[in-house]
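Please open the model in your viewer and keep a selection panel to hand. The tour goes from one selection to the next and says at each stop what is found there.

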Amino acid sequence: MPDSFLRQSALAHLALDGRAVDTGGSQGMAPGVAMKELPFKSIINLRGNPKDTAFLAATSKTLGFDLPLEPNQSASKDQITALWLAPDEWWIITDSQTGKLASKLEAALSGQHISLVDVGESRTTIRVTGRHARDQLAKGTPLDLHPTQLPAGRCAGTHIAKAIVVLHYLGDSKSGEPTYDIYVLRSFADYLWRWLEDAAQEYGFQVRP
């Protein structure tokens, strides 16, 4: 963990907070896409045997919910989210300090054949929302984003433009606007943000704080 006074988000150099204003849209319409960075999320890469009942019981007790066992599913409770990445691999994501949750998981899984690695500092999260968010993302990913193929709560490893990402579809707002969280390596964050911003221009674009 870096010293807090030296810690910067992957997109700090873009000064996004200073740009958090409505840039408008075509024909006076409200922006169809809004984005913001969600920096410093804690991401624990957890690997274990999904057929091991002791492993499943220990993780469920620690997290407060069962790990998702079906492909591309997610589960969450009390600001902790688990994303299914592979048959024996999950990301455990939280806004709180990784060390506390990682220590609890490590203690609960002591003696078991598992892998537990903090990968949060290597990535950042870009949240995309708006009535045209799906159209924007479809320009760069081969993933079928239609809700019948990627329902709310599902996640998938894919690429957007040339950046490898994990995409999590959180669901729609009451007004029907979809929201996605995009987890991307820090080294690709600047490239991906600029690509996404360009892809959103025809719909109207806004940076949100």
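The stops below cover strands, cores, a pocket, a cavity and two loop residues.

Before selecting anything, bear in mind that this is a predicted model.

**Stop 1: strand E1 and its partners**

Begin by selecting E1, residues 33-38. Of the 6 residues of this strand, 5 are buried, so E1 is largely enclosed by the rest of the structure. Now add E11, residues 205-207, which runs parallel to E1 and is joined to it by 3 bridges; within this pairing, Val33 has Phe205 as its bridge partner. Next add E7, residues 123-129, which is joined to E1 by 5 bridges and runs antiparallel to it. Two positions help to follow the register of this second pairing: Ala34 has Thr129 as its bridge partner, and Glu37 stands opposite Ile126.

**Stop 2: across E7 to E10**

Keep E7 selected, and note that this strand is mostly covered, with 5 of its 7 residues buried. Then extend the selection to E10, residues 178-185. E7 and E10 are antiparallel and are joined by 7 bridges, and here Ile126 of E7 stands opposite Ile182 of E10.

**Stop 3: the largest nonpolar core**

Which residues have the most contacts inside the largest nonpolar core? Select Ile126, Ile182, Leu192, Trp193 and Leu196, which hold that place in a core of 28 residues. At least two core residues come from each of E1, E7, helix H3 (133-138), E9 (163-172), E10, helix H4 (186-200) and E11, and H4 gives the most, with 5 residues. In soluble globular proteins, nonpolar side chains tend to be buried together.

Centre the view on Ile182 and show its surroundings. Leaving out residues up to four places away in sequence, Ile182 touches Thr124, Thr125, Ile126 and Val128, then Leu137 and Ile160, then Val165, Val166 and Leu167, and finally Leu192 and Leu196.

Apart from the largest core lies another, of 17 residues; to find this second core, select Leu67, Trp84, Ile92 and Ala102, which are among its members.

**Stop 4: the largest pocket**

Now select Lys41, Thr81, Arg127, Leu170 and Asp181, which lie nearest the centre of the largest pocket among the 15 residues that line it. The volume of this pocket is about 240 Å³. Strands E3 (74-77) and E5 (89-94), together with E9 and E10, each supply at least two of the lining residues. By class, the lining consists of 5 nonpolar, 6 polar and 4 charged residues.

From this group, keep Thr81, which is placed in strand E4, residues 80-86. Is Thr81 buried or exposed? Its relative accessible area is 18%, and because buried means under 20%, Thr81 counts as buried. Beyond its neighbours within four places in sequence, Thr81 is in contact with Phe65, Ala75, Ser76, Trp91, Ile92, Ile93 and His168; Ile92 is also one of the residues of the 17-residue core. If you draw a distance from Thr81 to Asp95, 14 residues apart in sequence, the viewer should give 9.7 Å from C-alpha to C-alpha.

**Stop 5: the cavity**

How many cavities of 30 Å³ or more does a search of the whole structure find? The search finds 1, and the volume of the largest cavity is about 40 Å³. To see its lining, select Arg7, Ser9, Ala10, Pro39, Phe40, Gly120, Glu121, Arg123, Thr124 and Arg186. By class, this lining has 3 nonpolar, 3 polar and 4 charged residues. Thr124 has been met before, as one of the residues that Ile182 touches.

**Stop 6: two loop residues with positive phi**

Most residues other than glycine have a negative phi, and most peptide bonds are trans. With that background, select Asn72, in the loop between helix H1 (53-63) and E3, where phi is near 65°, a positive value in a residue other than glycine. At 28% relative accessibility, Asn72 counts as partly exposed.

For the last selection, move to Ala161, in the loop between strand E8 (155-160) and E9. Ala161 is not a glycine either, yet has a positive phi of about 55°; with a relative accessibility of 18%, Ala161 counts as buried.

Methods
Residues are numbered from 1 along each chain as its sequence is written. This is a predicted model: local features need pLDDT of at least 70, side-chain atom pairs count only at pLDDT 80 or more; totals for chains, interfaces and linings use all residues. Side-chain values use heavy atoms; hydrogens and water are left out. A nonpolar core is a set of buried Ala, Val, Leu, Ile, Met, Phe, Trp, Tyr and Cys residues joined through side-chain atoms within 4.5 Å. Buried means under 20% relative accessible area, exposed over 50%, partly exposed in between (1.4 Å probe, protein chains only). Helices (H or I, at least four residues) and strands (E, at least two) are DSSP runs, numbered from the N terminus. Contact means heavy atoms within 4.5 Å. Two strands pair if DSSP finds at least two bridges between them. On a 1 Å grid over the protein atoms alone, a cavity is a set of points where a 1.4 Å probe fits but cannot get out, and a pocket is an open set with protein on both sides within 12 Å along at least five of seven lines; lining residues have an atom within 4 Å of a point. Grid points are joined across faces, edges and corners, and a volume is the space filled by probe spheres set on the points. Ala, Val, Leu, Ile, Met, Phe, Trp, Tyr, Cys and Pro count as nonpolar, Asp, Glu, Lys and Arg as charged, and the others, Gly among them, as polar.
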